[in-house]
Amino acid sequence: MSAALQNLVNQPYKHGFVTNIESDIAPKGLNEDIIRLISSKKNEPEWLLTFRLEAYRRWLNMIEPTWQNVKYPKINFQNISYYSAPKPKKKLASMDEVDPELLRTFEKLGIPMHERAALAGVAVDVIFDSVSVATTYKEKLAEVGIIFCSISEAVQRYPELIRQYLGTVVPPGDNYYAALNSAVFTDGSFCFIPKGVKCPMDLSTYFRINTEESGQFERTLIIAEEGASVSYLEGCTAPRFDTNQLHAAVVELIALDDADIKYSTVQNWYAGDENGVGGIYNFVTKRGLAKGRNSRISWTQVETGSAITWKYPSCILRGENSVGEFYSVAVTNHHQQADTGTKMIHIGPNTRSTIVSKGISAGQSNSSYRGLVRITPTARNARNYSQCDSMLIGSQCGAHTFPYIQVQNNSAQVEHEASTSKIGEDQLFYFAQRGIDAEEAVSMIINGFCKEVFQQLPLEFAVEATKLLSFKLEGSVG
Amino acid sequence: MSTVIWDDYLEKLIESWRKEGEPSRTVSYLNRLRANALSRIESLRLPTIRDEEWRFTDISSLRNTLFPRASTASLPGLDSQKSTFLDEPTCRLVFVDGQYMPGLSGLTDDGSIIVCSLSELTGICASKTEQYLGQLADFQDDVFVALNTALMHDGICIVIPANVSITVPVHILYITSGKEVAAYPRCLLVAESEAEVTIVEEYVAWQEGVSLTNAVTEIYVGESARVNHIRVQREASQAFHIANNSTFVAKTAHYDSVNLALGARISRFDQKITLAGEGAECQIDGLALIADRQLADTHTFIDHASPHGRSRQLHKCIVDESAHGVFSGEIMVRPHSQQTDARQLNHNLLLSEKARMDTKPQLEIFADDVKCAHGATVGQLDKESLFYLQSRGFAEEVARNLLTYAFGGEIINRVIVASLRQRLEEYILVRTRIS
Amino acid sequence: MINANSKILLEVHDLHATVSGAEILKGVDITVRSGEIHAIMGLNGSGKSTFAKVLAGHPSYEVTRGTLLFDGQDLSALAPEERARAGIFLAFQYPVEIPGVANNQFLRLAYNTVQGQRGEEELDPLEFDDFVREKMKLLKMNPDFLDRSVNEGFSGGEKKRNEILQMALLEPRLALLDETDSGLDIDALRIVANGVNQLSNKDNALILVTHYQRLLDYIVPDYVHVMEAGRIIRTSGKELAQALETHGYDWIHTNEQITGALP
């Protein structure tokens, strides 16, 4: 790999800074008292405390998984603070009253949220360290009956909905990190699209981790009733720290008959420095239940950040004719590790799923696709098509493909294809010989490679993703 | 020292061997090897479906029977002997219940091939095989290879000297007699530089019965040598068949294999190929044709350990009735194995509602200048082809059988020994109900 | 055509170059004036393709000695893309496949980069489409290949035509054709050669790197150089190529007199 290429990838993280806002931080450590503290701070009903405690007791009996293709030092769960919130100030009447320090942070990130919200027609529910600070466009959404608020608020205002759906797609004991999340989640988003309503705008939440060593345990729940549809965007950036931060979110999606949920993520958390020091551990459980007939759940993700990414946004296709989709780009550089993919569980007849996964590895990083396509005996005429492509940049990185295909119904058609390609010296020389420099060449090749995934993103996200990828890989090629 | 997980089944098994008494050994390295393997078994256990490599293949029923080793081999009539021999002149090596039968074996060649059984391993054969025997098939993490190595009570070493081309196929015939016994056959093939050979490894049953075969075959393909390896597993319908093939392919050497899994109640075949030298090539193809309640599990691992290697793989499964097919195919490209060209395809046909297929093709790539691709499909017969045949007047059932036959035929056609190919074609015709 | 008064485009003196430590070029001397067509012939491994790559600035090759002047400017200080923008074009022996990047996108970016360099107008996608389709007729190319990825899945002939199409678009001052004839059937060879001839004029120059005389039946060189062991050991007129075709490369050593007698 030439020097020019090295430089391109090795640019410092531009979102690396810490906002000085006083935080209300719980003492480090995890026990039933801490869970009771979280629950009481949030003024939760008794059933939710019970839900948390049951999850905690299950978690105590679970073993941290080791099958994933990632390596990291053992996490000390007693060295994490499980609750932190910006100290409550007087009620905010408008955006002008938001802490200017906070606004400056968003400015630096290039997310002037009020402008962005207005210009792009996006309602931004800003999550700043686990607690919602500002929510916009709520009234406009309320007109059509859409509920879009923080999950804490939803617990207070719509307890019956939360109680009906929370933990039904990802049960509290589903896996180690889901159990942990169920015990200690502090906030997240709640979204409810009532029967027959097409959400008039993309719903968007920007997450941001701020307090050092505060574990982040968001909980997101999205429900689309019969005939409803919604496109939800999640974007993440985080400031630079030298100690690892754990992020274990749970996202649950439920689509009833003829409903359609599209969930898009651009993830650019701090990945650690070029020596692999620091960075976020991103251990996420995302799952959608296509419960109704003709329902559709679509995941699109662009994963560029975090020291370790470990997530498998999945679809349970229970409804007849339901559709599951997974479009993913995962970029790793330096010492980053990503083990990501999806699970498509076909239960209903005539269910269909599509998987398109693009992994790009540079530096000394490792990127793995791990996927499961399961056709159960009841899934007559199920169809799946999977395509997993890897691109390697430099000779010290690794790309891995681990698809599991399990078919128990002979009317199914399942197809999986995988290939590798490269950005090598020869390709760059070819571009150079036609007068095109390395930076532009890399950007062209990467965008060509990721085209099928970027096409799935809402326009403004696609632009952001393209920039992000070029930025991440600048200097790694050539 | 790793933690000791003492497995009660293995404990009983080893105890029973001790009662049978140790076979005598003539070569010290063999004794050493056996002792090492035996001590390794103490820290291993039988795999269960909780082990990733065995998650689809439940062998717990193996624990129900403590298969003893056969002590005497009984011979059936001449006719059934003949029916398993190939029509062509061959170098034939016959085992019955794991015991080498010199009387049934015979060499048809000019004497350039070196063959000796393990019990008479001395002289040139011993010196030419020492660096390979037990070195290619790793027993550290594989309890079945360890068991086979610890026992190694009979087996055969074949050496094709440098620049020698053996024109007749070497037919190694492993026969189970139908008794409730275990066979642990071992075979080592060394093709020295620029040697050429075709080897047919065949497992057949003279009678129905519950038996266990745990076979290990090691193959070393020397520099620029060519080995064509045909493996046919037609064990009895209630048999357990567990086998490991470990092959090293040296610089610019070529290894071809066709593997057919047709018999046994539960069969597991581990094929490991290391493209160890620059420019080494392999083509490995396989077909599992199973029905009833059969389970056929094929695990392949192609290790591109050197630059400019090339591998091609086509594996097919035809799964009927309540049978269960498993395929796990891993392609590893090590760092610095630049210019690797690897391609793997896995196609599976499910013929009945109860049939089940689990497949897991995997790529692990640590070099950037490579061409690697894999593909897998699970499905039914192509509807368009079916319609085409029906529109030409074939009854639907006939059309189905014909297409199924053609699906498997692609692999059978790769068998280059004519009489064997013909026999296999007939077998598939019967199985696909065409004749 | 030879015109002693025309401007010197390329001047190479005592050029030595290595690839991963091994010296391939061991003192190459050549002078090319505008309007001229040169052929460099030689056996495989003689260094002729290396010479072409060194001129274009391939990063695997290191120039260890000698001078390399293009239009009076020292090339060794220029990055490959700067050489391209200055007007050096290499038609690759093995054009690289670039999956995912559409050919028309690639061609337009390359064209506009060079246009921008020359202070000339860049073309938007629609204008460019008209422009490139016109050029494609020259090479009898099917328009649908504009939508395919660069060189991906192209036949050998299509790849070579794509190279010449790029040459037609970029209008280089010095074009290096590295084994452009290899892998082409006779019809494709005729089309490619015809395209090259139409692009050749008094202001540009052409260096053909080839193993065989075949291409030189269609593109007639002014000079033929024979390369061996990293040096040009013989320079003569087009007759030299025919003599080599008839007698083989060994003949150069066994028959010094005859070669010496050639103009």
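These legends go with a set of close-up views of a predicted model.

**View 1. Chain B as a whole.**
Here's the fold before we zoom in: chain B has 8 helices and 20 strands. Its radius of gyration is 21 Å, close to the 22 Å that the globule rule gives for 435 residues, so chain B is as compact as a globular protein of that length. If you lay the C-alpha trace along its principal axes, it spans about 70 × 50 × 50 Å. Burial covers 50% of the 435 residues. Look only at contacts in chain B with a separation of 6 or more, and 83% of them are between residues 24 or more positions apart.

**View 2. The two domains of chain B.**
Domain 1 of chain B runs over 8-277 and domain 2 over 382-435. Their C-alpha centres sit 31 Å apart. Where the two domains meet, domain 1 of chain B puts in 11 residues and domain 2 of chain B puts in 10 residues. On the domain 1 side, the elements giving two or more residues are β8 (196-205), β10 (226-234) and β12 (254-261) of chain B. That side of domain 1 breaks down into 7 nonpolar, 2 polar and 2 charged residues.

**View 3. Helix α5 of chain B and what surrounds it.**
Is this helix mostly buried or exposed? Of the 9 residues of α5 (residues 143-151) of chain B, 8 are buried, so the helix is largely enclosed by the rest of the structure. The buried ones are F144(B), V145(B), A146(B), L147(B), N148(B), T149(B), A150(B) and L151(B). They pack against a mix of helices and strands of chain B: α1 (8-20), α2 (28-41), β7 (186-191), β9 (212-221) and β11 (240-249). Step just past the end of α5(B) and you come to M152(B), with a positive phi of about 30 degrees.

**View 4. The annotated stretch of chain B.**
The UniProt annotation "domain: SUF system FeS cluster assembly SufBD core", from an unreviewed entry, covers residues 175-407 of chain B. What is this stretch made of, in helix and strand? Residues 175-407 of chain B are 9% helix and 58% strand. The end C-alpha atoms of the stretch are 28 Å apart.

**View 5. The largest nonpolar core.**
This core has 326 residues, and V221(B) and L176(C) touch the most other members. Helix α11 (residues 438-454) of chain A supplies the largest share, 10 residues. The core also takes at least three residues from each of domain 1 (8-277) and domain 2 (382-435) of chain B. Now zoom in on L176(C). Which residues does L176(C) contact, leaving aside neighbours within four places in sequence? They are A52(C), L55(C), A56(C), F89(C), L90(C), A91(C), I207(C) and V209(C).

**View 6. The annotated stretch of chain C.**
For chain C, an unreviewed UniProt entry carries the annotation "domain: ABC transporter" over residues 10-254. In the model this span is 36% helix and 30% strand. Its end C-alpha atoms lie 32 Å apart.

**View 7. Where chain C touches chain A.**
Chain C brings 23 residues to this contact and chain A brings 18 residues. On the chain C side, the elements that give two or more residues are α2 (80-86), β7 (98-102), α3 (103-117) and α5 (156-170). Which of the elements gives the most? That's α3(C), with 5 residues. By class, the chain C side has 15 nonpolar, 6 polar and 2 charged residues.

**View 8. Two loop residues with positive phi.**
Most residues other than glycine have a negative phi, so here are two spots worth a look. N350(A) isn't a glycine, but its phi is positive, about 55 degrees. You'll find N350(A) in the loop between β18 (337-346) and β19 (352-362) of chain A. N350(A) counts as partly exposed, because it has 19 C-beta neighbours inside 10 Å. K140(C) isn't a glycine either, and its phi is also positive, at about 50 degrees. K140(C) lies in the loop between α4 (125-138) and β8 (149-150) of chain C. With 14 other C-beta atoms within 10 Å, K140(C) is partly exposed.

Methods. Residues are numbered from 1 along each chain as its sequence is written. Chains are lettered from A and ligands numbered from 1 in the order in which they are written. This is a predicted model: local features need pLDDT of at least 70, side-chain atom pairs count only at pLDDT 80 or more; totals for chains, interfaces and linings use all residues. Helices (H or I, at least four residues) and strands (E, at least two) are DSSP runs, numbered from the N terminus. The radius of gyration is taken over C-alpha atoms; the globule rule is 2.2 Å times the number of residues to the power 0.38. A residue is buried if 20 or more other C-beta atoms lie within 10 Å of its own, exposed if 12 or fewer, and partly exposed in between; C-beta atoms are placed from the backbone. Two residues are in contact if their C-beta atoms, placed from the backbone, lie within 7 Å. Ala, Val, Leu, Ile, Met, Phe, Trp, Tyr, Cys and Pro count as nonpolar, Asp, Glu, Lys and Arg as charged, and the others, Gly among them, as polar. A nonpolar core is a set of buried Ala, Val, Leu, Ile, Met, Phe, Trp, Tyr and Cys residues joined through C-beta atoms within 7 Å. Domain bounds come from an automatic or database domain assignment. UniProt positions are given in the numbering used here, feature names are shortened, and annotations may be inferred rather than shown by experiment.
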